[in-house]
Amino acid sequence: MKKNFKNSFLLFIVMAFALLLVACSGGDDSTEDSSSNNDSSADSSNNTDGAGGDLVLATLSDAANLDPHMSTDVPSASVLSNITEGLVKKNKDGEIVPSLAKSWASIDDLTWEFELEEGVHFHDGEQFNATAVKKSFERILDPEVAAPRAFLFEAIKKVEVVSDYTLRIHTHYPFAPLLNHLNHPVGVILSPAQIDADYENMKAGNIAGAIMNANGPVGTGFMKFDSWTPGTEIKLVNNQDYWNQKAYIDSVTFKVIPESATRAAELETGYAQIIEPVQPNEVEMIDATSSSVSITPGSSLSYIGFNINKKPFDDVRVRQAISMIVDQQLIIDGIYEGIGEPARGPLAPTVFGYDGTLTPITKDIEKAKALLAEAGYAEGFETSIWTNDNPQRQNIAIMLQEDLKQLNITANIEVLEWGAYLDKTDAGEHEMYILGLSNPVGDADYFLTQLYHSKNHGGSGNTTFYSNKELDAILDEAREEIDTTKRLALYKQAQEILIEEAPMIYVHHQAYITGLSEKIEGHWINDSGHHKLQEVKFVK
């Protein structure tokens, strides 16, 4: 998007200040790295066919885990989706299309058969085949590995190798969203040799995925892992032996730059060609330069969660009361510059199971005070709000902190580093917290089961530690139901319970705001916030 917007002086001041921060804090090494990236980008832009060049993607947060089967966060998935592949994938239109599986068919209600691509090799030279697929899914489902997202594939009873390039997936029960789940970043196929090495490493007392975090995952993707300097950058290089359409770029560096103004300066000066996220209040400034901003509607949910294992949040009246003081539209307009959509409940409109007739909890200060008094907290209480180094989440925390004063609640704000934030919320150390979840699957089963089923407390996704046997039963029934109409009715029922029980405040469905240099084309980001770089090329 481009706008006729004159704010060049303000932009100059922001950029100059940001560059001053870089010069003061980066040191000689970071300055040299940036210069090198800029030079290579300039060279690549002279290529007539766009091939080659070193792409720099400046991002807010580093990956938390480079083992795809153990990863749970968007920054990690955004990197990994360029290294690894699954049996299926989603195209730009959100349709399930072939990837490592070239075709598939439902044999019966409990059996799917997949025909695999031939002539594909992993980055270490290992051959891709049905046995490799079987080994990857067995690893995901292995209790000793304890993959946090194993529930995605718990419907799988057995992966049967029919021949080198034909396999069957047998399920315990009819499972309608199987293909959607296979698209999830967790369901990728890794080198059998690396999986074997990882098991040997586990026998020596190391945790699952230690090898992949040290040496990078070995997949079949168009980019290969090169290096990772935690907290600084991850570099991928072109897989010249890729089995399908090769990437144009020689390499991509995911460069961690927490300061938003510094990311914007990197884009404007050419040190980075993609920045993410762009802050909503920076959109017009960036659009006024030679760069542009892309806004992609997301399928994610941003939320304010309560740890129900800790008082007073075990009382539904307290949760409802706090939900009634939050003004979603004020958050969207004041913090996100009007970008995004208020959430009725947990599901975004693009997700199967969404129901636009649901009645959300709305702002009502007097009713909130009455509920809190009824729960025995008329005088309020003291609590904490956790967030990570995301500026919007920090601003939401400040706004919430002020709103809570209306209920005599004193809230202290804690800002944690991304990896530590995930670890501590998984462990249940928090009280209130601000987070979000993307939905690469596009189906209610993944989202609702992960966030609210009692079997997924902690690292598997349910960090509110909410438990409800009635909801569990509804979700279990819905995932086994083939009839679409019946599934939708069950998910409506589940969402009505979740709105009433208020384990979290459903804030909004965000849009992904990305800054793009005029020197590149072909970039897109999916509705889960994963950067797709296969078609990116430098232009004159």
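**Figure 1. Helix α3 lies across three strands of a sheet in this predicted model.** Let us start with α3, which covers residues 130-141 and lies across β5 (111-116), β6 and β7. Relative to β6, helix α3 runs at about 165°. The sheet itself is open and has four strands, in the order β4-β5-β7-β6, with antiparallel pairing. At its edges stand β4 (101-108) and β6 (156-163); each has a single partner strand, so one side of each is left without a neighbour in the sheet. From one strand to the next, the twist averages 20°.

**Figure 2. A closer look at the pairing of β6 and β7.** Strand β7 takes in residues 166-171 and pairs with β6 in the antiparallel sense. How many bridges join β6 and β7? There are six bridges between them. To find one of these on screen, look for Lys158, whose bridge partner in β7 is His170.

**Figure 3. Phe137 and the largest nonpolar core.** This core has 74 residues. Which residues have the most contacts inside the core? They are Leu87, Phe114, Leu116, Phe137, Leu182 and Tyr452. Centre the view on Phe137 and, leaving aside its neighbours within four places in sequence, you will find it in contact with Leu87, Phe153, Ile156, Val159, Leu182, Gly187 and Ile189. A second core, separate from this one, has 30 residues, including Ile322, Ile325, Val326 and Phe381. As a general background, nonpolar side chains in soluble globular proteins tend to be buried together.

**Figure 4. The largest pocket and its lining.** Here the view moves to an open space with a volume of about 870 Å³, the largest pocket. Its lining is made up of 39 residues, and those nearest the centre of the pocket are Lys89, Lys90, Trp524, Asn526 and Lys532. Three elements, α2 (74-80), β2 (88-90) and β21 (524-525), each supply at least two residues of this lining. Of the contributing elements, β2 gives the most, with three residues.

**Figure 5. Val536, a buried residue in a loop.** Look for Val536 in the loop between β22 (531-532) and β23 (537-538). Is Val536 buried or exposed? Its relative accessibility is 0%, so Val536 counts as buried. Not counting residues up to four places away in sequence, Val536 touches Leu55, Tyr248, Ile249, Ile520, Glu521, Gly522 and His523. Take Ile520 from that list: Val536 and Ile520 are 16 residues apart in sequence, and their C-alpha atoms are 6.6 Å apart in space.

**Figure 6. Helix α7, mostly covered.** Helix α7 spans residues 260-269, and seven of its ten residues are buried. Which residues of α7 are buried? They are Ser260, Thr262, Arg263, Ala264, Ala265, Glu266 and Leu267. Just after α7 comes Gly270, with a positive phi near 90°.

**Figure 7. The second largest cavity.** The structure holds two cavities of 30 Å³ or more, and this view shows the second largest, with a volume of about 30 Å³. The residues lining this cavity are Ile304, Val326, Asp327, Ile331, Ile396, Met399, Leu400 and Asp403. Which helix gives the most to this lining? That is α12 (residues 391-404), with four residues. One of the lining residues, Val326, also belongs to the second nonpolar core.

Definitions and conventions: Residues numbered from 1 in each chain as written. Predicted model: local features only at pLDDT ≥ 70, side-chain atom pairs only at ≥ 80, totals over all residues. Heavy atoms only, no water. Buried < 20%, exposed > 50% of the residue type's maximum accessible area, 1.4 Å probe, protein only. Contact = heavy atoms within 4.5 Å. Core = buried A, V, L, I, M, F, W, Y, C linked by side-chain atoms within 4.5 Å. Pairing = 2+ DSSP bridges. Axes fitted to C-alpha atoms, helices over the stretch in contact; angles between N-to-C directions. 1 Å grid on protein atoms, 1.4 Å probe; cavity = no way out; pocket = protein on both sides within 12 Å on 5 of 7 lines; lining within 4 Å. Points joined across faces, edges and corners; volume = space filled by probe spheres on them.
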